[in-house]
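Let's walk through this model together, starting with how its strands line up and then working outwards to the helices and a few single residues.

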Amino acid sequence: MLGYRTKNFAEIDFHCKCNCGEVAKLELVNTLQEVREALGAPLYVNSTMRCVDHNEFVGGSKKSYHIRGLAVDLSTRNLSEGQIIALKEIAVEHGFLGLGFYDHFIHLDLRNELTIWDKRNK
Ligand SMILES: [Zn+2]
Ligand SMILES: [Zn+2]
């Protein structure tokens, strides 16, 4: 098991929540830290790495980038509308080309082609 910790994120942020010991890819860890610094506001991680079993448990897509350790879900509860727009632009600039908007979180992943979806109800 490899542990990653950055200036603004804890080791636990990058572990699968089922305690299987799988961790997110270093590329995800570093890119997320870069985005955090560019945004200049706290970002709270809901999840990053999900092993196949845990991804199935939470009802994630079989093709989810979480399984590859290349995705993060960030809570948006602490962010203003303006900060969410800034986060979107900064994320794309740093290589998060998969962006999913939900009511209380944003999904970012390191796919190669810009793909944006919006599942917000409000
Ligand atoms: Zn797991
Ligand atoms: Zn996600």
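Before we start on the strands, one term: two strands count as paired if DSSP finds at least two bridges between them. Also keep in mind that what you have in front of you is a predicted model.

With that in hand, look at Tyr 44, which stands opposite Ser 75 in strand 2. A second such pair is Ser 47, which sits across from Asp 73 in strand 2. These residues belong to a pairing in which strand 1 (residues 44–47) and strand 2 run antiparallel, joined by three bridges.

Now turn to the pairing of strand 2 with strand 4 (residues 105–109), which is antiparallel and has five bridges. One of the matched pairs here is Ala 71 with Asp 109, its bridge partner in strand 4. Is strand 2 mostly covered or not? Strand 2 (residues 71–75) is mostly covered, with four of its five residues buried.

Let's put the whole sheet together. Five strands make an open sheet in the order 1-2-4-3-5, and the pairing is mixed. Which strands stand at the edges? They are strand 1 and strand 5 (115–118), and each has a single partner strand, so one side of each has no neighbour in the sheet. Going from one strand to the next, the twist averages 25°.

Step back to the full chain for a moment. The protein chain has three helices along with its five strands, and from the N terminus on, the elements run α-β-α-β-α-β-β-β. The C-alpha trace spans about 35 × 30 × 25 Å along its principal axes. Does that go with a compact or a non-compact chain, going by the radius of gyration? A compact globule of 122 residues would have a radius of gyration near 14 Å, and the chain has 13 Å, which agrees. Of those 122 residues, 29% count as buried. As for how the chain meets itself, take the contacts between residues at least 6 apart in sequence: 55% of them join residues at least 24 apart.

Next up is helix 1 (residues 26–39). Helix 1 has 14 residues and reaches 20 Å from its first C-alpha to its last, close to the 20 Å expected at 1.5 Å a residue. Which of its residues are buried? They are Leu 28, Val 29, Leu 32 and Val 35. Looking down the axis of helix 1, you'd find the buried residues within an arc of 130°, so they line one face of the helix. What covers them includes strand 2 and helix 3 (81–93). Over on the other side of helix 1, Leu 26 and Glu 27 are exposed.

Asn 30 is in helix 1 too. This residue counts as partly exposed because it has 13 C-beta neighbours inside 10 Å. Asn 30 and Arg 5 are 25 residues apart along the chain, yet their C-alpha atoms are separated by 9.7 Å.

Have a look at the backbone on either side of this helix. Just after helix 1, Gly 40 takes a positive phi of about 70°. In the segment before helix 1 you'll find Asn 19. Asn 19 also has a positive phi of about 70°, although it is not a glycine. That deserves a second look, because most residues other than glycine have a negative phi. Is Asn 19 buried or exposed? Asn 19 is exposed, since 9 other C-beta atoms lie within 10 Å.

That leaves helix 3, which we met as part of the cover over helix 1. Helix 3 has 13 residues and reaches 19 Å from its first C-alpha to its last, close to the 18 Å expected at 1.5 Å a residue. Just after helix 3 comes another glycine to look at: Gly 95 takes a positive phi of about 110°.

Finish with Val 92, which lies in helix 3. Val 92 counts as partly exposed because it has 16 C-beta neighbours inside 10 Å. Which residues does Val 92 contact, leaving aside its neighbours within four places in sequence? Val 92 is in contact with Leu 97 and Leu 114. Val 92 and Leu 114 are 22 residues apart along the chain, and 8.1 Å separates their C-alpha atoms.

Definitions and conventions. Residues are numbered from 1 along each chain as its sequence is written. Chains are lettered from A and ligands numbered from 1 in the order in which they are written. This is a predicted model: local features need pLDDT of at least 70, side-chain atom pairs count only at pLDDT 80 or more; totals for chains, interfaces and linings use all residues. A residue is buried if 20 or more other C-beta atoms lie within 10 Å of its own, exposed if 12 or fewer, and partly exposed in between; C-beta atoms are placed from the backbone. Helices (H or I, at least four residues) and strands (E, at least two) are DSSP runs, numbered from the N terminus. The radius of gyration is taken over C-alpha atoms; the globule rule is 2.2 Å times the number of residues to the power 0.38. Two residues are in contact if their C-beta atoms, placed from the backbone, lie within 7 Å. The expected span of a helix is 1.5 Å times one less than its number of residues. The arc is that of the directions from the helix axis to the C-beta atoms. Axes are lines fitted to C-alpha atoms, for helices over the stretch in contact, and angles run from 0 to 180 degrees between N-to-C directions.
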